[in-house]
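Let's take a friendly walk through a protein chain together. Please have the sequence and the viewer at hand.

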Amino acid sequence: MKLFIDSNIFLSFYDFTGDDLAELDKLCLLIDDKRLDLLLPSQVIDETRRNRESTIGRSLRGFTKLPKPQIPSYFRRHGSYDAFKESQKARDKIHSQMLSDVRDQIENHELDADILIEKLFGLATRLDTTPDIVASAHHRITIGNPPGKGQSIRDAINWESLLCKVRSGRPLVLISGDGDYASPLNRDRLNTFLQTEWKERKSTDDLFYYRNLSGFFSKHHQDIKLKAETAKERHDLIDKLHQSGAFWVTHDVIARLSKHEFFSLGEAERLVAALDENSQVYLIIDDPDVHQFYGSIQSKYARDMSEESRQTLTRHLGETQAS
């Protein structure tokens, strides 16, 4: 199946989105398995990289300045006043450290979103923007055909790239979150003009439209949707692994973690840290379940991990065969 993802979907992972980063991990694995072919117009790459900093800056502003309550003097004799003030200091300290850490990651392009998006760009089938495609896009805008807003040519270039490069009869999934491809009557459906044009040009009705990745995964590739796959559940299990005080606890947590096929890179790094720091984990690394689990983490994520994490895995498991 051919897949097109608009730049606004990639940029949403630098902003506020209901999709979890694990959705990008799923895409990487499906592309690696040849079950999806991500079509990537050069226009999408340029837009994503060009707008990364402005998108991060906009979303970061909401977290940078935490509201500080004005405390009237008559609260000062309240029994919980001192505890409240201490909690505020603790919150401010954590907030400051989080901002410092994340700003370093932003500066060095080391956010989980950076790593996963660039990995997807490397796996995708690149569609170069040719002069003919630009000319067709200009013509499209001039006569008023969708997609796009006003005189902006960007979406028209992407659509003309798909019309030019996708062979007739091939199904295509199109994912875009800003409504440029959507019907004015129903934002969850593709624009009828585009649907008809695709059918006439490509001799197929198999053009699917979704507004986000989670909508796509709910309809396609349901075989990789797992029962316990929320970020909170993964976070709690990884915490429990770090805190494990007995071998049986480690085995239990590993069994539950093994039900999750997908982890963000940050989660994978935390799993490796538990292996290195907790004796209740590394002392049983040769037990089949623990060894198999960490072997899977090594295979899927080691290539994109920090040098320290790769060395930890190599020390405990041997040389990686990262995919």
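The report below goes from the overall fold to the main pocket, then to the salt bridges and a few backbone details.

**Overall fold**

Please keep in mind that this is a predicted model. The chain has 323 residues, and 43% of them count as buried. Its secondary structure comes to 15 helices and five strands. Along the principal axes, the C-alpha atoms fill a box of roughly 70 × 60 × 35 Å.

Helix α2 is a good place to begin. Spanning residues 22–32, α2 is mostly covered, with nine of its 11 residues buried. Among the buried residues of α2 are Leu24, Leu27, Leu30 and Ile31, and also the charged-type side chains of Glu23, Asp25 and Lys26. After α2 comes lysine 34, whose phi is positive, near 65 degrees.

**The largest pocket**

Turn next to the largest pocket, which has a volume of about 1,100 Å³. Its lining counts 37 residues, and Leu21, Val102, Gln105, Leu111 and Asp112 lie nearest the centre. Which helices each supply at least two residues of this lining? They are α3 (42–64), α4 (81–107), α5 (112–123), α10 (231–243) and α12 (265–277). Helix α4 gives the largest share, six residues. Sorted by class, the lining has 17 nonpolar, eight polar and 12 charged residues.

Helix α4 also holds isoleucine 94. Is isoleucine 94 buried or exposed? Isoleucine 94 is exposed, because its relative accessible area of 53% is over the 50% cut-off. Together with Phe63 and Met98, Ile94 makes a nonpolar surface patch of about 280 Å².

**Salt bridges**

Side chains of opposite charge can pair when their charged atoms come close. This structure holds 23 salt bridges, and three of them are set out here.

| Salt bridge | Closest N and O atoms |
|---|---|
| Arginine 154 – glutamate 47 | 3.8 Å |
| Aspartate 304 – lysine 119 | 3.6 Å |
| Glutamate 160 – arginine 140 | 2.8 Å |

Take the salt bridge between arginine 154 and glutamate 47, with its closest N and O atoms 3.8 Å apart. Arginine 154 belongs to helix α7 (residues 154–165) and glutamate 47 to helix α3, so the pair ties together parts that are 107 residues apart in sequence. The two partners sit in unlike surroundings: arginine 154 is partly exposed at 41% relative accessibility, whereas glutamate 47 is buried, with a relative accessible area of 8%.

Now for the salt bridge between aspartate 304 and lysine 119, where the closest N and O atoms are 3.6 Å apart. This pair links distant parts of the chain, 185 residues apart: aspartate 304 is in the loop between α14 (288–301) and α15 (307–317), and lysine 119 is in helix α5. Aspartate 304 counts as partly exposed, at 24% relative accessibility. Why does lysine 119 count as buried? Lysine 119 does so because its relative accessibility is 15%, and buried means under 20%. Lysine 119 also has a link to helix α2 in space: its C-alpha atom is separated by 9.5 Å from that of aspartate 25, although the two residues are 94 apart along the chain.

In the third pair, glutamate 160 meets arginine 140, and the closest N and O atoms are 2.8 Å apart. Glutamate 160 lies in helix α7 and arginine 140 in helix α6 (residues 131–143), so this salt bridge ties together parts that are 20 residues apart in sequence. Both ends are covered: glutamate 160 is buried at a relative accessible area of 10%, and arginine 140 is buried at 4%. Salt bridges with shared partners join Arg140, Glu160, Glu197 and Arg201 into one network.

**Backbone details**

Some loops deserve a look as well. Proline 147 is found in the loop between α6 and α7, and a cis peptide bond with omega of about 5 degrees joins proline 146 to proline 147.

In the loop between α4 and α5 you will find histidine 109. Histidine 109 is not a glycine, yet its phi is positive, near 55 degrees. At 45% relative accessibility, histidine 109 counts as partly exposed.

Serine 203, in the loop between α8 (192–202) and β5 (207–210), likewise has a positive phi, of about 55 degrees, although it is not a glycine. Serine 203 counts as exposed, at 60% relative accessibility.

Methods
Residues numbered from 1 in each chain as written. Predicted model: local features only at pLDDT ≥ 70, side-chain atom pairs only at ≥ 80, totals over all residues. Heavy atoms only, no water. 1 Å grid on protein atoms, 1.4 Å probe; cavity = no way out; pocket = protein on both sides within 12 Å on 5 of 7 lines; lining within 4 Å. Points joined across faces, edges and corners; volume = space filled by probe spheres on them. Helix = DSSP H or I, 4+ residues; strand = E, 2+ residues; numbered from the N terminus. Patch = residues over 30% accessible without salt bridge, like charges linked within 9 Å, V, L, I, M, F, W, Y side chains within 5 Å. Areas by Shrake-Rupley, 256 points an atom, 1.4 Å probe, with all protein chains shown as cover. Salt bridge = Lys/Arg side-chain N within 4 Å of Asp/Glu carboxyl O. Buried < 20%, exposed > 50% of the residue type's maximum accessible area, 1.4 Å probe, protein only.
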